[in-house]
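Visitor: I work at the bench and would like a close look at one part of this protein. Please take me through the disulfides, one bond at a time.

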Amino acid sequence: MKKITLLFALLACSLGYGQTELSDYQVDSNSRMIQQKLVDDASRIDRDAIPATISTEGITMNQIVVQKTIQYVVQDPIETQRELDAGAQEGLLNTSMDAFVSEGPRTRSLANIIPNAGMTESFAVVPGDFFYDPTDGATGGVGGDCTTTSSGDPGDYPNCGCVTTTTLTGTDLEVEFLEFRVFGTFDFLNIYDGPDTASPQLYDSNLNSETDTLAGMITANGSAVFTSTTGALTFEFSATTVVNTCGWEVEVLAGGGGGVCPAPMLEINQDVEDVCMANISQTDLAQSYIPIETESAGAGVKFTSASTGEDLTLSLWDALPNAGGTMLATGTTVTTGDVWADVFWDPVVTVTPGNTYFITIEGTVTSCIAGSINDPYPDGEVYANAGYQQFPNFDYTFRTYSCAGGGGGCTVGAYADRPSFDAETTVGTFATEDFSNGPGALTNCGEVISSAGDGCFPPGELEAGFEFTYFDQDGTPDGVLFIPSGGFGNADDLVSTNTFLDYSIINFPGGNVNSFGADLYSLLAGNTTLEVRIFGSGGLIATENVAMTGIGPTFFGYIANEPIISVEIEDPTGTDVEGVANLTFGFCGIPLTNDECGGATPVACNDVIVGTTTDNTNTAGNPAPDEWYSFTGSGSPQVVTVSLCDGGTNYDSFLRVFDACGGTEIAFNDDSCGLQSELSFLSDGTSTYYIMVEGFGSNDGDFSMEITCVDPPVNDECPGALPINCGETVVGETDTATFDAGAPVCATNISAPGVWYVFTDTTGLVTDYTLSMCDGGTDYDSKITVYSGDCGALVCVTDNDDTCGLQSEVQWQGDGLT
């Protein structure tokens, strides 16, 4: 008996809109200024009385100071008169011979870098920063009159009689002069490609009579752009005490201050807790410590109770703030419901092992900071209360992080033996799959081996987080093999390809793996060379050749500085199969937070998650901060709804869902309930999906996200079609149905979820049939498609979109036998 199969579907369209909000930011700096007056008669200056270094107290600075020295230029009176005469030809002079050298604030209001006159300083820069001529606290920095000399404009560089040396650092560093003028012959600017004035010279403003202006610079240099080949540019500026002008404005076009460490390593872990040590409200809290490694990546403290949604600011100092210390790094995080809170420096900081440093603790966290009064960390101690009162033998419960590659583990690269790999991966989360408990004989397991279950291992038998599959060279499904130990002389249970032409692939779909190691086998030829290709979300990370010893095992491991998405293992000669045993994989270092897809926080049906994106970065999608969550089904397909519509979201939000980190976007929504977002997607019950919570445009804020799950209707797929009969009225819904991509398209496209019914014509008579949704009971833009045949071989009969407004109705003639 034949039958008619019908698909009821929804035609849907959506319209989203939003707006971008702009914010203004201000940064304030406070400092003490020390001034040294220079006299106008060189013969009266006692050079031995001039201090080589002027130190300050209580200065809050945002950059790393490499050297704090003031260089004085002592000018002969005859030279002074020559400069006065030359300046008189260009404009009005500032004839006062009083000049001041000061250590004021290292000004960096957002992107403004203004060095201190007479000092040697270094600044890590990022694109968009601006670098200006020095200041003495009264003149210099932003602004200045480039049309003349000694204009009196406060933006003109100071007549300090000093040399100011400033180094900018950053990866692929490139800068462009937007304004430039110095008083040539007497004042000069030299630019060097490197970290100091011993580096190769790129520019000399006294090259000729024109090179002290922007136009002359462009003529001599070919442009106003200077590019470093070393990651550093050093600017040596000498100013006399008589004539000045505007100086310069420089924009950083490219470069980075190093960024956060890609794989932070736990360095010092003082985890002893026996008291409530101090509350942040007491002020002036600090913990001293001695670093082990040369790069400091961050720090963390523990509270006696969990904190949520409160600010914690940690800063790294080379001495206490009230003892002339310099702030080397700072950062703020928002607590996430844990007792520990970590802050990672951006950029990382170079420190000297063996020296004492100080971590200051500020913020709004109301929970008490944990600690111990029994001196668990002898190399440091607690400071608390106004004036940083010292408490010997007391320690906060704290930890510090170094950066991978600093000698403490997680060194990026290939490893040829397991002990070396294991020694580098002592910090992190790892799993090892030995493929034991497989079949007792050589078995074809199917296309993929994973924890979801396959032809060799039941669901849950293997470690979650990886898939073993193969690349099919000839288009014929060959499957992957389980080979028990001894099957081909192999010492281990292993998995491998099934033919010489195919090659092995290990996928890590979670995005939370940056390290793997395995025993490799070349079962037939032996003594061959396998090519191992490691891929991240951006493409190929590295290609390594592994020389096999006999058939194996030969160990190979790799630690990357980014998540590893997949690994390909191939015998390039195509004369052998590639086997894998004892697979170890995980994240070396401190696992990623859910600011990145690889650190996505797992969620489940009926969860309500309260969070914020204000302390996150932008990793994908819109130019807005985002947070990541992962959803893995319970074994059977479900329609999963992710909603920000419960009233707990206070900004213009945006939701996205991906099938993998760096994978395909399968659903998104901007405005579903006002400016808030809601979407639904079909979970196949076993795959992991990645949910991004972000903002429209660049918006951020607090959110409340609810996860709900509904089983699809029983007639969601064609094989589950429900029977209907003549004269019958059927009531149903497609809200929880899924989109059937395999349904044949007749006259109009199928673009929305639908449900299935089956009508069997047994009358034996030719009959006209009408199927209608025009009775007023359908509340959406509907569509009907009618097929004949079985679910696997459907044939279009008719379809209809709009007959009665947005509702559908179809008619066809049956033969009584279908």
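Guide: What follows is a walk through three cysteine pairs, with a short look at one sheet at the end. Keep in mind that this is a predicted model.

The structure holds 10 disulfides. Start with Cys160 and Cys162. Their sulfur atoms sit 2.0 Å apart, and the two residues form a disulfide. The torsion about this S-S bond is about -80 degrees, so the link is left-handed. Now check the surroundings. Cys160 has a relative accessible area of 2%, and counts as buried because the cut-off for buried is under 20%. Cys162 is buried too, with a relative accessible area of 0%.

Move on to Cys645 and Cys673. A disulfide joins them, with an S to S distance of 1.8 Å. The torsion about the bond is about -90 degrees, so this disulfide is left-handed. The pair links distant parts of the chain, 28 residues apart. Cys645 is in the loop between β43 (638-643) and β44 (653-658). Cys673 is in the loop between β45 (665-669) and β46 (678-683). Cys645 is partly exposed, at 29% relative accessible area. Cys673 has a relative accessibility of 28%; it is partly exposed because that class runs between the 20% and 50% cut-offs.

The next pair is Cys718 and Cys791. They are joined by a disulfide, S to S 2.1 Å. The value about the S-S bond is -85 degrees, and the link is left-handed. Cys718 lies in the loop between β48 (702-710) and β49 (722-723), while Cys791 lies in the loop between β52 (782-788) and β53 (795-800), so the bond ties together parts that are 73 residues apart in sequence. The two ends fall into separate classes here. Cys718 is buried, at 6% relative accessibility. Cys791 is partly exposed, with a relative accessible area of 33%.

One further cysteine deserves a glance. Cys726 has a relative accessible area of 57%; it is exposed because the cut-off for that class is over 50%.

Last, the sheet. It is an open sheet of 6 strands, paired antiparallel, in the order β29-β30-β33-β38-β35-β36. Its edge strands are β29 (449-450) and β36 (539-547), and each pairs on one side only. Inside that order, β30 (residues 467-471) and β33 (residues 503-507) pair in the antiparallel sense over 5 bridges. To find this pairing on screen, go to Glu467: its bridge partner in β33 is Asn507.

Technical notes:
Residues are numbered from 1 along each chain as its sequence is written. This is a predicted model: local features need pLDDT of at least 70, side-chain atom pairs count only at pLDDT 80 or more; totals for chains, interfaces and linings use all residues. Side-chain values use heavy atoms; hydrogens and water are left out. Two strands pair if DSSP finds at least two bridges between them. Helices (H or I, at least four residues) and strands (E, at least two) are DSSP runs, numbered from the N terminus. A disulfide is a pair of cysteine sulfur atoms within 2.5 Å. Buried means under 20% relative accessible area, exposed over 50%, partly exposed in between (1.4 Å probe, protein chains only).
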